[in-house]
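Have the sequence and the 3D view ready side by side. We'll walk through a few spots one at a time, so pick each one out as it comes up.

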Amino acid sequence: MSTDYKAWRVEEQGGDYVGSEKILNTGDLPEGEVLIRVSHSSLNYKDALSASGNKGVTRNFPHTPGIDAAGEVVESSSDSITAGASVIVTGYDLGMNTDGGFGEYIRVPAAWCVPMPAGWNARTAMIYGTAGLTAGLCVQKLLKMGAAPEQGAVAVSGASGAVGSVAVELLSGLGFDVVAISGKADHAEDLKALGAKDVVGRDALSQEKKPLLKPVFANAVDTVGGTPLAEMLKQVKPGGSVSCCGLVAGPQLETTVLPFILRGVNLLGVDSVEIPLADKVSVWEKFAGEWACPKTEASARDIGRAELDGALKAFLKGESAGKIVLDHSK
Ligand SMILES: NC(=O)c1ccc[n+]([C@@H]2O[C@H](COP(=O)([O-])OP(=O)(O)OC[C@H]3O[C@@H](n4cnc5c(N)ncnc54)[C@H](OP(=O)(O)O)[C@@H]3O)[C@@H](O)[C@H]2O)c1
């Protein structure tokens, strides 16, 4: 089968990267076992990097971003996935150097496809998207290290963002006292509605000379990296853990070893992209069950392709908040 479809395509124009709607053909999609009609995608910081020409994410243009996609399989040469199945694809190379979910069709290996959890549809899956999956993996790592509500408050940095907001609701639902760290004072009430017990400004993580500070957080989810992560490590209680997944405040981490050797603090790296499919499936199944985040689901915002440009630019300015779903029918 070969069919025309619409995609939000990014092209290089005189050194600038410009996205617009184009008509493409499935015959030009890369090789792969599974052709999927994408009904929904999800917006992530990495999509904003790809759309702005960041060569660490996407080497060649024109390119269709979208690291997340959900929809229906229309063709499959794999025994494990049949036509008509509803699937989720996140991470691996999707939207990076493989045309992604901002187009109405993708073609990918069967090994990238997660069966849609029972009771979910494509939109529900894309409310969570890579950001939700990452928040789930961050929390899962804390729990594996023995994090428990009675140990004290758990901090979430970048709390109003796509990863942070899901982490706030999930941790609160698991009984933790969540301290949301956010630069958006006007989102404090939204963060409390998601379950944050306290909301504090980013100055809670501003640079201090001392190598250790008063330990106030039992555990933490850090979505921003850079100086705020270094400052977070100084404030974690003995034996506590910090899941680290992001770099919006910078990829450099300048720290001493003191939090690690004097307080036994654990820094836990979280990758949602290249991990085995089975590890993704187990987190998706949890979100479709005991880890459901109904407030995140109710507050997600749907946009069409025409609104992608502005929504992606807001990520790069640190102004994006909550979960944004791309609905290809809009
Ligand atoms: N490891 C993985 O597999 C994985 C997966 C998904 C995402 N990520 C990474 O996780 C990070 C968050 O992704 P996202 O999709 O949640 O992005 P996002 O929606 O833009 O959220 C990031 C949040 O960080 C805060 N922030 C922005 N700029 C900041 C700065 N300069 N200093 C301190 N805080 C800042 C803002 O929240 P406040 O205004 O509330 O402070 C912003 O909303 C990104 O770096 C992304 O690449 C990694």
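A300 is buried, because its relative accessible area is 11%; here buried means under 20% relative accessible area, exposed means over 50%, and partly exposed is in between, with a 1.4 Å probe and protein chains only. You'll find A300 in the loop between helix 8 (294–299) and strand 14 (301–303). Helices (H or I, at least four residues) and strands (E, at least two) are DSSP runs, numbered from the N terminus. What does A300 touch, leaving aside its neighbours within four places in sequence? The list is R123, I127, K323 and V325, where contact means heavy atoms within 4.5 Å. Look at V325 again: A300 and V325 are 25 residues apart along the chain, and their C-alpha atoms are separated by 7.0 Å.

A quick word on the ground rules: this is a predicted model, where local features need pLDDT of at least 70, side-chain atom pairs count only at pLDDT 80 or more, and totals for chains, interfaces and linings use all residues. Residues are numbered from 1 along each chain as its sequence is written, and side-chain values use heavy atoms, with hydrogens and water left out.

Next stop, some more loop residues. Here is how three of them sit.

| Residue | Loop | Relative accessible area |
|---|---|---|
| P65 | between helix 1 (45–51) and strand 4 (68–76) | 0%, buried |
| Y92 | between strand 5 (86–90) and strand 6 (105–108) | 9%, buried |
| C245 | between strand 12 (241–244) and helix 6 (258–263) | 25%, partly exposed |

Not counting residues up to four places away in sequence, P65 touches W8, V10, D47, S50, A51, G95, G100, G101 and F102. For a sense of scale, P65 and K210 are 145 residues apart in sequence and 42 Å apart in space, C-alpha to C-alpha. P62 is also in the loop between helix 1 and strand 4, and a cis peptide bond with an omega of about 5° joins F61 and P62. Y92 has its own quirk: its phi is positive, about 50°, although Y92 is not a glycine.

As for C245, its contacts are T134, C138, V163, D222, T223 and V270, again not counting residues up to four places away in sequence. T223 is 22 residues from C245 along the chain, and the two C-alpha atoms are separated by 5.3 Å.

Now for a pair of helices. Helix 2 (residues 122–144) and helix 7 (residues 277–287) pack at an angle of about 110°, with their axes 9 Å apart. Axes are lines fitted to C-alpha atoms, for helices over the stretch in contact, and angles run from 0 to 180 degrees between N-to-C directions. The two helices are therefore roughly perpendicular to each other, a label for angles of 65 to 115 degrees. Helix 2 brings A125, Y128, G129, G132, L133, G136, L137 and Q140 to the contact, while helix 7 brings K280, S282, V283, W284, K286 and F287.

Finally, zoom out. The domain assignment, which is automatic or from a database, gives domain 1 (4–116 + 300–327) and domain 2 (131–269). Their centres, taken over C-alpha atoms, are 29 Å apart. Nine residues from domain 1 and 12 residues from domain 2 make the contact.

Methods: Angles under 35 degrees count as roughly parallel, over 145 as roughly antiparallel, 65 to 115 as roughly perpendicular and the rest as oblique.
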